[in-house]
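Biologist: I have a few quick questions about this model. Can you pull it up?

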Amino acid sequence: MLEFNKAEIDAKVRAGIPFEHRWHNRFHLEMPFGLINDPNGLTCYQGEYHIFFQWNPFGCEHKNKSWGHTKTRDFVNYSTPELAMWPTDEHDKDGCYSGCGFVEDEKLRVFYTCNAKDEAGVRTAAQRLGTLEGGVIRKDEIAVPGNPEGYTAHFRDPYVFYRHGQKYFVLGSQTKEERGCALIYREDPTGWTFLGELKTKMTELPEKFGYMWECPGLLKFGSHDVLLFCPQGLEAKDFKYQNLYQSGYFAGHISLDSMEMYHGRFQELDKGFDFYAPQVFQHEGRQILLGWMGMPDRDMDYPTKEKGWMYSLTMPRVLTLRQGHIFSQPARELRALRVEETAVDIDAEAVSSMAQPLSEGAEILLDIHLGEASNVDIALNYGMEKLLFHYDRLTQIMTIDRDGMKLGGRGQRRFKLYVDKVLYLQLFVDKTAIEAFFQHGEEAATLFVFPQKHILPELSLSADKPLETVSGRIWELEAIRFHVHQ
Ligand code: FRU
């Protein structure tokens, strides 16, 4: 087991902020060194949002998984991230894997997966509780020592939820036949009772729906239940499952008596290239999601690896469920980052010559009245490189095309987007992290671009036939701020 020296690691983080490299983002959470992945332990506690995340502080490989930690009241000012939990004993010697946070007896508690492998490489996954104490998670009892009969040791990522005053957790797993599934436990006076596998429409399918489900979450939107999860092993088809692994949900109703969920189709939460393992804070009626900007087993798509750090977290997004579909919109707090404002109000003739230079961080809000146009291109041009959003009104397909970039992951992502007369686009352009929201959050897409040259992007628009008008706003965005707590 590597020795984690918290004081040294925290000091190295402080010394690494503000970030220096031009690929480091300004309003996306990231670390000056090491590899981060899943957001963990998202909890609103004593007026602050606590954000933990998977972190290897020793390098850009998927190992030495510990939990980093930052907190914020407004998603603009953050405490300088610190190490909060790391492998210490035989249970979690091979990683403090993902988990959740919740408040109990006025304490911030966490539930995480202890990952351990023996000499033969055989994995054990135990689910353990912890309590935040002065910036460090004290490890408490092991709640569940290992996987139940019929399931493999791919048994991880507990997420606590409550129903009728009782506490439960759902976690991601795999049956012995290598079918992905979600398992549920209930807290009883004597401990945690295994209730079994949540039956869904996928349980009885002849073909499995993925070989493993990671990072589940169970949310309540009014009277509806939503099961978030990340299935691995789905085959890409038409406009679906184009990333290596997916993040999506079922919306419907759960009966914990029959352990069944009645639900609609599986829908993906994000149509971009770099989005995985999202988790949700539930606070005062808001469901605020943070995702990992990255993808397991695709490290080769991310050239920051050579610079000593990898990956970011998404901006906070507020989720709403409308007619069985989740809309995601950037949290309103992010408006505080807006500084310079430029109005966009262009008529048909001027559109094709539009080349709007952007600042180091930008938010773009555009209402594109399509007029006669059936094909529209919205591009971010980085000198000779470009990221393209192409909308085809006849087929109702939005394509995000990264083939015009030289470094990092390339390719295209295509998805159905129903636009009547106006294409509504909200685009956040950070140094390398980009988040796009279409039709007021009906779809979202998260991705990275790594411009080869140190060049600020220009926004351009063109269409095959005259557009009616394009109106909106462009803001320069400030960076989020890190503050050292005494
Ligand atoms: C998802 C995941 C989780 C696991 C963690 C380990 O990205 O594989 O299932 O707990 O990452 O870092």
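Biologist: How many disulfides does the count come to?

Modeller: The count comes to zero, taking a disulfide as a pair of cysteine sulfur atoms within 2.5 Å. Keep in mind that this is a predicted model, where local features need pLDDT of at least 70, side-chain atom pairs count only at pLDDT 80 or more, and totals for chains, interfaces and linings use all residues. Side-chain values use heavy atoms, with hydrogens and water left out, and residues are numbered from 1 along each chain as its sequence is written.

Biologist: Why is there no bond at C44?

Modeller: Because the closest cysteine sulfur, in C100, is 15 Å from the sulfur of C44, which is too far for a bond.

Biologist: And C100, what is the closest cysteine sulfur there?

Modeller: That is the sulfur of C215, 11 Å from the sulfur of C100 and again too far for a bond.

Biologist: Is C100 buried or exposed?

Modeller: C100 is buried, at a relative accessible area of 2%. Buried means under 20%, exposed over 50%, and partly exposed in between, with a 1.4 Å probe and protein chains only.

Biologist: Changing topic. Which residues lie nearest the centre of the largest pocket?

Modeller: H62, K65, Y97, R156 and E214, out of 33 lining residues. A pocket here is an open set of points on a 1 Å grid over the protein atoms alone, where a 1.4 Å probe fits, with protein on both sides within 12 Å along at least five of seven lines; lining residues have an atom within 4 Å of a point.

Biologist: How much space lies in the pocket?

Modeller: About 690 Å³, as the space filled by probe spheres set on the points, which are joined across faces, edges and corners.

Biologist: Which strands supply at least two residues of the lining each?

Modeller: Among them are β1 (34–45), β6 (96–104) and β14 (212–221). Strands are DSSP runs of E, at least two residues, numbered from the N terminus.

Biologist: L35 is in β1, right? What does L35 touch?

Modeller: L35 is placed in β1. Leaving out residues up to four places away in sequence, the contacts of L35 (heavy atoms within 4.5 Å) include W55, H62, K65, D299 and Y311. L35 counts as buried, at 0% relative accessibility.

Biologist: Last one: how many bridges join β28 to β35?

Modeller: Six, and the two strands run antiparallel. Strands pair if DSSP finds at least two bridges between them. In β35, E458 is the bridge partner of N381.

How values were computed
Helices (H or I, at least four residues) and strands (E, at least two) are DSSP runs, numbered from the N terminus.
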